[in-house]
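This report covers the strand arrangement of one chain and then the surroundings of a few chosen residues. The sequence and coordinates come first.

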Amino acid sequence: MTFAERKKEFELQIQNAETIAISGHMNPDGDCIGSCLGLYTYIVEQYPEKQVTLLLEPVQEKFSFLKYADQITQKKESTEPYDLFFSLDCSDTERLHEFKKYFEEAKYKICVDHHFTNQGFGDLQFIVPDASSTCEVLFSMFDWEKISSACAQDLYMGIVHDTGVFKHTNTTRKTMETAGALLEKGIHSEDIIDRTFYKKSYVQNQILGRALMESIVLLHGKVIFSIIRKRDFDFYGINSSDLDGIIDQLRVTEGIECAILLYEKEDGNFKVSMRSNDAVDVSAIAQIFGGGGHIKAAGCTVHGQPRDIVMNITHMVEHQLNESGEKQESIYDKRNS
């Protein structure tokens with residue numbers, strides 16, 4: 001099917017469905033939240049008679065100002081399968097976590113995503129690896145006239161988060177054109193960016209400072225890591241959402257090619273977040289541990305001692321850097337032969 005044909009089918013399925021569910025990946029980030037709320041808004045404003053359920057794990061308080069954020073739930077009210085189920089920003093069904101079973105039993109399933117690791121699932125797919133975010137994909141699926149200011153705010157917010165406020169390499173001309181078009185809907189970009197991206201609480205600044213102060217540099221200054229233990233969570237009274245921004249601050253340390261942040265989970269496992277600059281594909285490393293993500297931003301959950309986890313990742317980073325260096329030398333030799 002062409003994109004136009006799939007877009008038509010997308011609208012048709014919404015029109016025919018009585019019960020609709022929208023869900024995204026576990027530990028929802030800005031793009032996941034923005035795409036789920038954006039699609040929810042798009043549907044309920046056109047079809048107020050539809051029963052639309054927004055299934056997401058609890059989101060951070062900073063996103064509560066977005067319209068319909070109060071509709072997010074973790075419960076399925078009816079025992080009947082949904083007529084239509086949207087999976088957003090998930091590279092595979094496992095990422096839906098506890099909502100996976102509802103997706104699988106639904107009568108019709110639509111997958112909307114931008115992760116290049118997505119092999120495709122569902123009855124209808126909108127998978128665009130070149131897109132900056134799932135919100136950018138949704139924008140291309142929606143009719144311009146039907147995008148309200150509230151919907152535009154959601155989509156813009158998601159794009160902002162997955163592009164790091166338009167500074168990541170996934171920011172393309174189309175991304176900027178999409179963001180510009182959304183601004184024409186009357187949204188306040190500076191408010192969205194400050195409230196959901198930059199603003200931090202006092203305790204969040206404290207844990208950021210501690211993570212930076214206790215960070216360690218490896219591999220001749222090319223790798224930096226920091227660890228947040230469960231005792232730190234208890235001492236500061238924080239949760240994982242309070243760690244936003246730490247990994248990116250580690251990444252911009254001068255000379256760093258790969259930043260690693262570990263935090264201890266309740267079950268003793270460690271959640272690993274990785275960011276890279278130019279020469280390292282952290283998604284390839286994350287996949288080895290059963291995780292995933294993008295070339296320059298990825299994550300996974302690993303069991304073991306943090307020292308062993310960091311050293312294993314560092315060896316993989318070193319291998320990639322050596323391969324990259326060999327390729328550069330080969331290109332240089334060819335040019336001078």
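The model is predicted. Within it, Ile-20 has Val-52 of strand 2 as its bridge partner. That pair belongs to the contact between strand 1 (residues 19-24) and strand 2 (residues 51-55), two parallel strands joined by five bridges.

**Sheet and helices**

Six strands form an open sheet with parallel pairing, in the order 3-2-1-4-5-6. Strand 3 (72-73) and strand 6 (124-127) each have a single partner strand, so these two edge strands are left with one side that has no neighbour in the sheet.

Two helices lie across parts of this sheet. The table gives the strands that each one crosses and the angle to one of them.

| Helix | Lies across | Angle |
|---|---|---|
| Helix 2 (residues 30-46) | strand 1, strand 2 and strand 4 (84-88) | about 165° to strand 1 |
| Helix 4 (residues 134-141) | strand 4, strand 5 (109-113) and strand 6 | about 120° to strand 5 |

**Ser-133**

Ser-133 is placed in the loop between strand 6 and helix 4. Is this residue, Ser-133, buried or exposed? Ser-133 has a relative accessible area of 0%, which is under the 20% limit, and therefore counts as buried. A polar atom of the Ser-133 side chain lies 3.2 Å from the backbone nitrogen of Glu-136. Leaving aside residues up to four places away in sequence, Ser-133 touches Asp-31, His-114, Gly-158, Ile-159 and Asp-162.

**Asp-89**

Asp-89 is found in the loop between strand 4 and helix 3 (100-105). Which side chain of opposite charge is nearest to Asp-89? It is that of Arg-95, at 6.7 Å, and Asp-89 is buried yet has no salt bridge. The 6.7 Å to Arg-95 is outside the 4 Å limit for a salt bridge, so this pair does not count as one. The side chain of Asp-89 does make a polar contact of 2.8 Å with the side chain of Thr-134. Thr-134 is also one of the residues that Asp-89 touches when those up to four places away in sequence are not counted; the others include His-25, Asp-29, Cys-32, Ser-35 and Val-112. Asp-31 and His-114 are on the contact list of Asp-89, and both are on that of Ser-133.

**Asn-16**

Asn-16 lies in helix 1 (residues 3-16). The relative accessible area of Asn-16 is 55%, over the 50% limit, so the residue counts as exposed. Asn-16 and Glu-257 are 241 residues apart along the chain, and their C-alpha atoms are separated by 50 Å.

Methods. Residues numbered from 1 in each chain as written. Predicted model: local features only at pLDDT ≥ 70, side-chain atom pairs only at ≥ 80, totals over all residues. Heavy atoms only, no water. Pairing = 2+ DSSP bridges. Helix = DSSP H or I, 4+ residues; strand = E, 2+ residues; numbered from the N terminus. Contact = heavy atoms within 4.5 Å. Axes fitted to C-alpha atoms, helices over the stretch in contact; angles between N-to-C directions. Buried < 20%, exposed > 50% of the residue type's maximum accessible area, 1.4 Å probe, protein only. Polar contact = N/O pair within 3.5 Å; in protein donor to acceptor, adjacent residues only side chain to side chain. Lys, Arg positive; Asp, Glu negative; His and termini not counted.
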